[in-house]
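Me: Could you walk me through reading helix packing and chain contacts in a model? Here is the one I have open.

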Amino acid sequence: MNGRSGLFKFFLFLFLFVIILLQFLSMVQSDRLYKRLNVLIGRLESAPSAPARRTEKPPADKSSIFQEYPGDEGDWLVRNLEGEPATLCDFLAISEWSSRWIVTGNIFEPMVEYEPDEFKFRGRLAEKFSISDDGLVIYFKLRDNIRFSDGHPVTTDDVIFTFNTITDPNIDAAAYANYFRDVDHYEKINDKEIKFYMKRVYFLSLGYLGGMTIYPEHIYKYKDAREFNERRSNPVGTGPYVFEKWDVGRQIVLRRNENYWGPKPKVKKIVFTFITNTTAELQALLSGQIDYMRPMPDQYAEKVNDENFKEDFHCLSYWDASNTGYFWIGWNEARPFFADRKVRLAMTHIIDREAILKHILRNPEAQIPAGHFYIYGKQCDPNIKPWPYDPEKAKQLLDEAGWVDHDGDGIRDKNGVPFRFKYMICADLALHEQIAKLVKDAAASAGIEVILDPYEWSVFAQKVKDREFDAVSMAWGGNVEEDPYQVWHSSQRQKGSNYVNFNNPQADALIEQARQTLDPDKRNALYHQFNRILHEEQPYTFIYTRPEQRFLAKRFNNVIIHKLGIDEREWYVPKELQKYK
Amino acid sequence: MTTYIIRRLLLMIPTLLGITIVVFAISRAAPGDPVSLAMGPGGMMDAQRAADVRAARMRLYGLDKPVYTQFGIWIGRVARLNFGDSIKHHRPVIDLIKERLPITLTLNLISFIIIYAISIPMGILSAVGRKKFLDRVSSVMLLMLWSLPSMWVGQMLIGYLCGPPLNWFPPAGLSSNDAEQFPFFPWLVDRLWHLVLPVFCLTYAGFAYLTKLVRAGMLDNLRADYVRTARAKGLSNWVVIFRHAFRNSIIPVITIMATLLPAMFGGSIIIERIFSVSGMGLLAFEAVTTRDYNVVMGVATIAGFLNLIGLLLADIAYAMVDPRISFESVE
């Protein structure tokens with residue numbers, strides 16, 4: 001019996017060991033999933049609030065937010081999210097921002113938001129808002145008629161409560177609180193008016209403060225920060241929808257706020273589902289289980305030409321100004337290969353970006369950006385055209401830079417060093433790999449050897465942080481207005497996001513000056529100059545920027561594509577087509 | 001017997017401690033941590049601010065302390081049956097498990113019942129008609145099913161059966177959007193309709209193993225002397241098979257049921273992901289990918305504990321089903 005029990009224990013430990021090993025393997029493997037989040041996070045770290053733009057005078061209150069929506073009332077919108085949110089508080093620091101914001105955007109409202117058709121702010125909860133001439137005092141006046149969904153009026157106390165909660169160090173909102181670090185103090189004038197005093201002038205401050213969504217103090221008030229951090233459900237806000245229920249793992253249901261202070265949307269309920277499998281998601285759409293989804297690029301490219309599909313579904317492709325961003329290849333200037341501008345420029349000329357858009361992205365509306373900014377925004381200089389695909393020019397530039405094939409082995413060299421570099425990619429996204437292979441082929445034909453260097457996400461992120469790469473490809477997220485400081489200022493070379501060691505004193509001066517210039521025209525002129533420098537220096541090869549894509553059931557009407565994106569609140573379903581009651 | 005059980009229970013404590021230490025060490029040794037994974041490689045925040053934000057969040061989660069202190073704090077909490085809070089969800093780990101466990105249990109219970117209900121008769125039939133047509137065909141079929149990866153099968157089923165033109169099954173989830181408005185029976189039908197594909201994917205590969213197990217046990221017993229004696233007594237064939245051979249050959253089948261306990265708890269990451277069912281498997285998977293240490297540790301500890309209990313139950317079940325095994329001799 002002893003021998004048997006010993007053997008038994010041996011197997012027991014072996015079994016446990018195998019389980020632990022599997023656990024570890026799954027940990028390592030599953031990091032791949034994180035690659036996708038990469039793009040989202042990059043995008044979202046930059047944009048938890050609407051970016052600011054100075055408003056000359058407060059707009060008149062006849063703004064479009066009081067216009068009634070057309071169409072019949074009723075029906076539900078069933079919309080799939082790419083993941084289940086962990087919380088319905090929109091500023092707690094949890095990685096899945098985007099799916100959460102899609103939900104909370106219906107429940108909470110900011111003081112200030114963008115006009116849908118203009119690069120201009122309008123008040124949502126704020127009736128008036130302004131920034132003083134010296135840029136140090138920001139003023140908000142709340143509307144008189146606004147109430148939370150439980151009937152309580154919205155006052156400046158709620159604004160102060162929200163602000164204090166976000167900046168409370170015990171609340172897990174450090175990433176978001178970071179946007180309010182310039183606030184020196186605030187002053188409550190009365191129940192409807194408040195002033196924020198800033199420590200320094202910054203053109204994005206108004207947008208950061210105005211973009212803050214307002215939480216009701218009488219509901220969210222907490223003694224212990226833990227209480228607030230743990231409160232994930234039952235959100236109460238001012239928005240056009242109120243929370244109905246959350247069946248964990250299945251759906252979140254919002255119903256229309258019948259006491260909404262503004263014009264009520266026509267759709268009575270929004271149901272959010274969490275289908276994680278993209279094949280199943282499309283099948284769910286086709287079989288009518290969901291109405292609205294974000295397709296994979298391949299799915300879109302396939303269905304957009306399918307007439308049968310288009311009879312039943314809208315294929316929406318639009319530029320979402322709060323969700324711009326671009327894919328790039330960065331050339332590490334700290335490495336001998338890419339210190340020379342001519343070499344970087346040659347790399348750009350080698351890569352056939354039109355081919356990438358056409359054959360890899362398969363998206364006819366995708367564009368090649370010529371710089372850091374949203375291509376249809378005002379910061380971007382429309383006169384700068386991306387460098388063309390020109391391998392001959394590239395070879396000439398490489399020759400001029402001294403990279404010539406001296407020893408006749410087919411690879412260019414300089415001072416005895418062959419032009420052979422490592423191009424780091426994140427191993428998980430097929431798209432990145434396809435682009436990398438194209439680059440490798442193109443470079444080979446110009447006498448440059450590219451070694452692809454794929455890593456899974458967590459290692460990749462660490463290596464990017466440590467600048468351990470010759471070339472790397474990633475994507476940045478963007479917004480209507482961006483501050484390029486973190487990515488391009490020379491002070492960010494050691495630890496910031498200036499991974500490619502870009503160091504240009506002229507660019508530094510422009511970036512610093514633009515941050516403190518409140519006049520949009522003057523500021524954008526500075527950004528145009530900066531844009532020109534980026535274009536000439538080519539620290540990145542800017543690969544693509546692309547529009548958002550959606551599939552939506554055809555029964556929804558009044559689907560308008562605005563300059564800054566789409567607004568689901570305008571949609572309605574004619575009575576005879578309504579599906580749910 | 002009682003002393004044996006007590007001794008085994010006491011032995012579990014160091015084993016569990018060992019498991020937790022290893023899981024803890026491995027989860028901390030994996031590259032990245034929850035904060036840097038959530039923040040990405042820097043984002044568009046300037047360097048100093050990013051470092052401050054990171055420090056603030058590490059402090060908030062208690063990750064700024066040395067690793068051994070963290071482990072001490074963790075083990076102290078677990079001794080009081082508190083698995084701590086999830087970093088991602090900001091909620092007690094035990095609550096998350098409570099939410100997910102019923103889903104996984106439903107799926108697994110149905111699957112196991114189906115596996116047993118089909119495998120046992122199949123095993124008996126194969127053994128009785130050994131090397132005959134049915135035995136051969138079922139062997140080949142079951143082995144084929146066994147070797148199909150469920151990831152691929154699930155995807156194919158969704159791709160072909162769930163959309164137009166067939167539209168036979170729903171592609172995701174466990175009930176329809178408006179299922180709450182249904183009366184009980186339509187609701188039940190709706191739920192079962194949603195369960196068909198995931199349960200199929202969970203079961204088809206399981207038949208082979210159990211059928212072979214039953215078949216092997218039956219063959220051993222059918223050849224045994226007592227069966228021949230029973231036949232010689234003139235008992236009918238069915239009485240011999242069911243009352244004699246089958247009852248003896250079911251012993252291994254009953255005992256492996258005990259090891260199902262942890263499997264019930266674990267859930268299947270692949271099936272849950274493919275069919276968008278958020279059960280234990282997805283919870284654990286998500287926790288691992290976001291380095292949500294407390295959830296990883298909680299799930300691993302509970303799974304480890306259930307494993308140990310399952311093994312103990314298996315031993316006890318041996319003794320109970322088979323009088324030839326006794327633990328008293330160990331004393």
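Me: Which residues of α15(B) meet α16(B)?

Reply: On the α15(B) side they are B:Met280, B:Leu283, B:Ala284, B:Ala287 and B:Val288, and they meet B:Val295, B:Val296 and B:Val299 in α16(B). Contact here means heavy atoms within 4.5 Å, and the helices are DSSP runs (H or I, at least four residues; strands are E, at least two), numbered from the N terminus. By class, that contact has eight nonpolar, no polar and no charged residues. Ala, Val, Leu, Ile, Met, Phe, Trp, Tyr, Cys and Pro count as nonpolar, Asp, Glu, Lys and Arg as charged, and the others, Gly among them, as polar.

Me: Before we go on, what are the ground rules?

Reply: This is a predicted model, where local features need pLDDT of at least 70, side-chain atom pairs count only at pLDDT 80 or more, and totals for chains, interfaces and linings use all residues. Residues are numbered from 1 along each chain as its sequence is written, chains are lettered from A and ligands numbered from 1 in the order in which they are written, and side-chain values use heavy atoms, with hydrogens and water left out.

Me: How do I read the geometry of a helix pair?

Reply: Two packed helices are described by the angle between their axes and the distance between the axes. Axes are lines fitted to C-alpha atoms, for helices over the stretch in contact, and angles run from 0 to 180 degrees between N-to-C directions. For α15 (residues 280–289) and α16 (residues 293–321) of chain B, the angle is about 135° and the axes are 8 Å apart.

Me: What about α6 and α9 of chain B?

Reply: Helix α6 (residues 133–147) and helix α9 (residues 206–222) of chain B pack at about 145°, with axes 8 Å apart. Their contact divides into five nonpolar, two polar and three charged residues.

Me: And how big is the contact between chain B and chain A?

Reply: The size of an interface is often given as the accessible area lost when the parts come together. Here the buried area (accessible area, 1.4 Å probe, that two parts lose on being put together, summed over both) is about 6700 Å², with carbon and sulfur atoms giving 59%. The contact takes 73 residues from chain B and 86 residues from chain A.

Me: How many salt bridges are there between the two chains?

Reply: Zero between chain B and chain A, though the structure holds 39 over all chains. A salt bridge is a side-chain nitrogen of Lys or Arg within 4 Å of a carboxyl oxygen of Asp or Glu.
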